[in-house]
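Work through the exercises below with the model open beside you. Each task is followed by a solution in steps.

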Amino acid sequence: MRIAYMLTSLGIGGAERQVVGLAERMAARGHEVVLIVLRSRQEHEFSAGVEVVRLDMTKSAAGVLGGVLRGQGVLRGFRPDIVHSHTFPANMTARLLRLMGAAPKVISTFHNIYEGGLGRTAVYSITDALSVHSTAVSQAVADRYVKIGAVPGRKCSVITNGIDVEVFAPARGGDSRGRESTREQGAFVWLAAGRAVPAKDFENLLEAFRLVRYEMPDAQLRIAGESEVRPTERRLAEADGLRWLGLRNDMASTITAADGFVLSSAWEGMPLVVGEAMAMEKPVVATDVGGVRELVGDVGVVVPAKDPRTLAKGMLRVMRMPERERREMGKAGRARIVQHFDMDAKANEWEALYAEILGADAHSAEQARMVGL
């Protein structure tokens, strides 16, 4: 198969890491793959082991038009069997290129339970005919997009995020890699990750951590995310026991250096980093948003969103567990990821979906030929 993946940028984020991992696996399986990125190169990006073409698209009308025309040229030269797009800007670009005759089959993927307001929902609905199929990273995401009319249920399926269980594996020979730089003597270190945006609800996390510190003053919190904190997050940056780590390309090492992972989000699709922490046998406390419960199951602590007291209780519960019980929780978490969310198994699901879509198209063509005879 010839597969063109399209996404907005290669910036440090869950959707980007997922697409890069999928593209690399498909290339390793012998498929012809190109990764088309709407934006120009960013300061902090993932590297990709496949061909990357940048459309250098900007938000101006001229910038969008220029990017679309460049995309048209790329696709006509590559001649893909399938264009698989991710996130709203790339989904819309791929559908527009389908309208222009440059993309034969378009698959759209929704990565978050919320990608914008009524305007984006309407655009998704109006342009749905330009996509042969849509997928969601969790059942919660699929249910919402079907409910709001962005996509009909018959054209939407779920393929959850996958975790590279070889890269995200528990540290061998002790759990000390990188710990010296982040852990104070005797302190329990929590890790959170993400950009300082409303979806991550770091105010919820800040208040919960303040309550945790009241009970256990030695507790530490590290946040891997943007290197600069906006003025509205100033209190967060100055909180006792907290350190902002900035953008990290070495999430495996960063997770290793923590004792547990905490997610405070107000909304999500299926947060990749939660699965990565579970794969590394870290106990997880997470808010019940998007596909979190589908991911965590009963091997972590899931609490209501926007409720710092309950979030703090969940964190304290984990901290007060006997070490043996925490280790058992971590091992159960990794077992769940390996069994249900292994990235290679997810690549199998994507490969099967691509083949099904192309096979159905070939079958329809054969039927039409027979009718013509």
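Contact here means heavy atoms within 4.5 Å. The model is a predicted one.

**Exercise 1. Overall picture**

Task: State what share of the contacts between residues at least 6 apart in sequence join residues at least 24 apart. Then give the helix and strand counts and the buried share of the residues.

Solution.
- Step 1. Take the contacts in the protein between residues at least 6 apart in sequence; 68% of them join residues at least 24 apart.
- Step 2. Count the elements: the protein has 13 helices and 13 strands.
- Step 3. Turn to burial, which means under 20% relative accessible area. Of the 373 residues in the protein, 54% are buried.

**Exercise 2. The seven-stranded sheet**

Task: Give the strand order of the open sheet of seven strands. Find its edges and the helices α1 and α2 that pack on it.

Solution.
- Step 1. Read the order: β3-β2-β1-β4-β5-β6-β7, with parallel pairing.
- Step 2. Find the edge strands. They are β3 (51–54) and β7 (156–158), and each pairs on one side only.
- Step 3. Follow the twist, which averages 25° from one strand to the next.
- Step 4. Check one pair. Strands β1 (residues 2–7) and β4 (residues 82–86) run parallel and are joined by four bridges. I3 has I82 as its bridge partner in β4.
- Step 5. Add helix α1 (residues 14–28). α1 packs on the sheet and touches β1, β2 (32–37) and β4. The direction of α1 makes about 170° with that of β1.
- Step 6. Add helix α2 (residues 61–78). α2 also packs on the sheet, where it touches β1, β2, β3 and β4. Its direction makes about 180° with that of β2.

**Exercise 3. Strand β5**

Task: Decide how many residues of strand β5 (residues 106–110) are buried, and which way each one points.

Solution.
- Step 1. Count: five of the five residues of β5 are buried, and the strand is mostly covered.
- Step 2. Recall the rule: in a regular strand the side chains alternate between the two faces of the sheet.
- Step 3. Sort the residues. V106, S108 and F110 point one way from β5, while I107 and T109 point the other way. All are buried.
- Step 4. Place the neighbour. β4 and β5 run parallel, joined by four bridges. S85 stands opposite S108 in β5.

**Exercise 4. The six-stranded sheet**

Task: Order the strands of the open sheet of six, then explain what is left free at β10 and β13.

Solution.
- Step 1. The order is β10-β9-β8-β11-β12-β13, and the pairing is parallel.
- Step 2. β10 (242–246) and β13 (301–303) stand at the edges with a single partner strand each, so one side of each has no neighbour in the sheet.
- Step 3. The twist averages 20° from one strand to the next.
- Step 4. Two bridges join the parallel strands β8 (residues 189–193) and β11 (residues 260–263). L191 stands opposite F261 in β11.
- Step 5. Helix α6 packs on the sheet, touching β8, β9 (220–224), β10, β11 and β12. Its direction makes about 160° with that of β9.
- Step 6. Helix α11 packs on the sheet as well, touching β8, β11, β12 and β13. Its direction makes about 170° with that of β13.

**Exercise 5. α6 against α11**

Task: Classify how helix α6 (residues 202–215) and helix α11 (residues 308–319) cross, and describe their contact.

Solution.
- Step 1. The axes come within 8 Å and cross at roughly 50°.
- Step 2. Apply the cut-offs: under 35 degrees counts as roughly parallel, and 65 to 115 as roughly perpendicular. α6 and α11 are therefore oblique to each other.
- Step 3. The crossing of α6 past α11 is right-handed.
- Step 4. List the contact. From α6 come N204, L205, E207, A208, F209, L211, V212 and E215; from α11 come P308, R309, L311, A312, M315, L316 and M319.
- Step 5. Sort these residues by type: 11 are nonpolar, one is polar and three are charged.

**Exercise 6. Positive phi**

Task: Locate D56 and E281, and decide whether each is buried, partly exposed or exposed.

Solution.
- Step 1. D56 is not a glycine, yet its phi is positive, about 50°. D56 lies in the loop between β3 and α2.
- Step 2. The relative accessible area of D56 is 39%, so D56 is partly exposed.
- Step 3. E281, also a residue other than glycine, has a positive phi near 65°. E281 sits in the loop between α9 (272–279) and β12 (284–287).
- Step 4. E281 has 24% relative accessibility and therefore counts as partly exposed.

Technical notes: Residues numbered from 1 in each chain as written. Predicted model: local features only at pLDDT ≥ 70, side-chain atom pairs only at ≥ 80, totals over all residues. Heavy atoms only, no water. Axes fitted to C-alpha atoms, helices over the stretch in contact; angles between N-to-C directions. Parallel < 35°, antiparallel > 145°, perpendicular 65-115°, else oblique. Left-handed = near helix turned anticlockwise from the far one by under 90°. Nonpolar A, V, L, I, M, F, W, Y, C, P; charged D, E, K, R; others polar. Pairing = 2+ DSSP bridges. Buried < 20%, exposed > 50% of the residue type's maximum accessible area, 1.4 Å probe, protein only.
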